[in-house]
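This report describes a protein from its overall make-up down to one residue and one sheet. Please keep the sequence and the structure in view while reading.

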Amino acid sequence: MHCFIQDLDSINAMIATLPPMKTTITTTMTTTETTTSTTIQTSFQCYECSGPDCGREGSSVSVNCPRCMVYRNPNDQTIIERRCCWWACGSPNSVSSYNGLETYFCAADKCNGYGAESALSPPVTTTTTTTITTTTTAPPKTSFECYECSGPECGKQGSPVSNNCPRCMVYRNPNDQITTTTTTTVTTTTTAPPKTSFECYECSGPDCGKQGLSVSNNCPRCMVYRNPNDQTIIERRCCWWSCGSPNSVSNYNGLETYFCGADKCNGDGAESALSPPVTTTTTTIITTTTTSPPKTSFQCYECSGSNCGREGSSLSSNCPSCMVYRNPNDQTIIERRCCWWSCGSPNSVSNYDGLETYFCTADKCNGYGAESALRPPVTTTTTTVRTTTTTTATTTTMTTTITTMTTTTTISTTTTTTTAPKTSFQCYDCSGPSCGREGSSISNNCPSCMVYRNPNDQMIIERRCCWWGCGPSNSIGSHNGLETYFCAADKCNGLGTEFALMTTTAATTTTVITTTSSSPASCVLNCQNGSTPETEDGCFCYCLENTNGRECENVDCAQPDVNSEICSIENQQLCEESETFAFECLHLCGKC
């Protein structure tokens with residue numbers, strides 16, 4: 001349209017030079033507009049790094065940026081800085097001055113990547129021979145490590161960090177300026193601040209601690225200790241919390257541990273700070289096992305998301321093992337869980353219910369940083385095919401001073417989007433007569449939903465989220481020894497789906513006990529109630545008066561339930577769902 005106006009101005013100028021005559025100008029413009037509703041992208045992914053490898057795939061990225069920008073490092077113009085621009089940004093695809101530096105701005109995901117610096121002027125080279133010759137002291141530090149994050153946890157140990165920054169800065173988010181009172185004490189010193197995060201070896205065995213082996217970054221401390229099962233094996237790890245002082249030996253999770261604060265300081269030879277390994281004869285091992293059995297249950301983080309795995313996160317107790325795996329629906333989300341059965345070996349990575357999973361056996365060992373044992377997340381790209389066809393027809397006829405111009409523009413847009421099938425659902429997670437109606441308790445992100453009868457009272461219908469070992473959708477199979485109906489749709493296990501199950505079978509208590517005792521899957525427990533052996537589903541003995549045996553040694557029925565608010569009749573359904581809850585609420589759950 002702009003070109004059309006310029007051509008019309010040229011024609012009018014030419015007409016003005018002709019002799020006066022009767023002039024008739026007829027202009028016909030036909031425009032066909034096709035309105036396409038398009039959401040304008042206002043925030044982008046931008047590379048956030050510097051140096052020769054910055055701007056390639058795998059480089060550090062910031063999200064939700066208003067603009068991306070590229071400029072030369074003011075101290076060394078051969079170094080390209082690629083950053084997210086948060087405010088006062090220039091127009092897209094323009095070059096302007098930003099904080100006194102020539103800067104190129106753009107507005108597209110990762111548009112400040114490798115090659116974008118070609119929009120800038122060539123680097124200015126300066127000769128510093130005189131300065132180097134006359135200066136006998138080291139130049140002041142001109143690049144620093146700066147925290148690169150936002151939110152309430154930002155600025156604490158373990159927060160993301162950017163390197164080679166000319167300055168660090170702090171500002172309020174323009175979209176949420178929550179009033180905060182901050183008291184800042186500024187101390188000026190001529191020496192560099194002590195380093196507070198380090199690279200640490202994260203491995204074990206004879207080759208661990210040598211160059212080229214596994215390393216963890218941003219560690220508050222490095223540590224070395226002997227494997228409790230074989231003291232000749234040295235464990236070299238990153239210490240994330242409750243670490244000892246640098247260059248000290250102290251007790252950590254019951255093990256003699258050496259702590260240090262320098263990059264890879266827990267490498268080969270650091271174990272010399274520990275006591276020699278304890279060598280024992282067979283007789284000594286038997287004696288030690290009898291008096292001090294190895295720990296077999298642990299505290300594990302039981303949560304997911306960005307803040308999961310830090311102090312204060314939800315915990316499960318009495319876990320045989322802890323585990324870490326990526327959420328199958330979004331591999332950037334880390335799941336930290338208690339593993340109750342079929343767990344892998346400690347400090348190993350194996351396949352668990354089809355997911356790559358890291359297992360460990362120590363209190364809170366599946367905390368923040370343990371996911372480094374897993375492979376990087378797999379990102380799924382949705383392909384959008386956009387076809388644009390533009391047809392322009394222009395007819396120009398000029399007789400003396402009569403001009404007719406017709407412009408027709410047809411834009412056809414075809415968008416094809418491939419959407420992955422839905423793999424997670426909302427499922428009713430409750431039991432009883434009102435369960436399965438609107439307003440009942442719901443679990444999210446379930447791989448499948450399921451329905452089964454309560455093993456203690458088959459008149460009670462259990463509607464649950466199935467997390468693993470689920471059967472095909474719209475099928476009936478066995479789940480933990482119970483006939484179970486599986487389905488894969490939001491709230492598909494609602495009221496009425498129980499009709500897929502067999503009719504309720506009435507059985508007396510005597511019949512149930514007899515059947516369980518003779519079943520190949522049952523087990524006879526090493527505990528008795530008044531000299532009468534007991535068996536229960538899940539190999540558990542009720543700890544009643546005069547009960548004795550291995551399975552009951554950690555239960556004290558003389559003690560009340562731990563918390564009257566938690567151990568209330570409203571939560572009684574949790575007795576069947578969580579062994580941990582049942583042990584905390586012994587009287588509510590009928591264990592005493």
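The protein, a predicted model, contains six helices and 35 strands. Of its 592 residues, 30% are buried, and the area that the protein exposes comes to about 37,200 Å², with carbon and sulfur atoms supplying 52% of that area. Among the contacts with a separation of 6 or more, 49% are accounted for by residues that lie 24 or more positions apart.

The surroundings of one residue can be followed in detail. Ser-162 is located in strand E9, which covers residues 161–165, and Ser-162 counts as buried because its relative accessibility is 8%, where the cut-off for buried is under 20%. Leaving aside residues up to four places away in sequence, Ser-162 touches Glu-48, Arg-83, Phe-144, Glu-145, Cys-146 and Glu-148. Two of these partners have distances to Ser-162, each defined in its own way, as tabulated here.

| Partner of Ser-162 | Kind of distance | Value |
|---|---|---|
| Glu-145 | C-alpha to C-alpha, 17 residues apart in sequence | 5.7 Å |
| Glu-148 | polar contact, side chain to side chain | 3.3 Å |

Elsewhere in the description, a sheet deserves attention. Five strands make up an open sheet with antiparallel pairing, in the order E11-E14-E13-E16-E15. Its edge strands, each of which pairs on one side only, are E11 (203–204) and E15 (248–252). Within this sheet, strand E13 (residues 221–227) and strand E14 (residues 230–239) run antiparallel and are joined by seven bridges, and Arg-221 stands opposite Cys-239 in E14.

Technical notes. Residues are numbered from 1 along each chain as its sequence is written. This is a predicted model: local features need pLDDT of at least 70, side-chain atom pairs count only at pLDDT 80 or more; totals for chains, interfaces and linings use all residues. Side-chain values use heavy atoms; hydrogens and water are left out. Helices (H or I, at least four residues) and strands (E, at least two) are DSSP runs, numbered from the N terminus. Buried means under 20% relative accessible area, exposed over 50%, partly exposed in between (1.4 Å probe, protein chains only). Contact means heavy atoms within 4.5 Å. Accessible areas come from the Shrake-Rupley method with a 1.4 Å probe; for residues, only the protein chains shown count as cover. A polar contact is a pair of N or O atoms within 3.5 Å; within protein, one must be able to donate a hydrogen and the other to accept it, and residues adjacent in sequence count only if both atoms are side-chain atoms. Two strands pair if DSSP finds at least two bridges between them.
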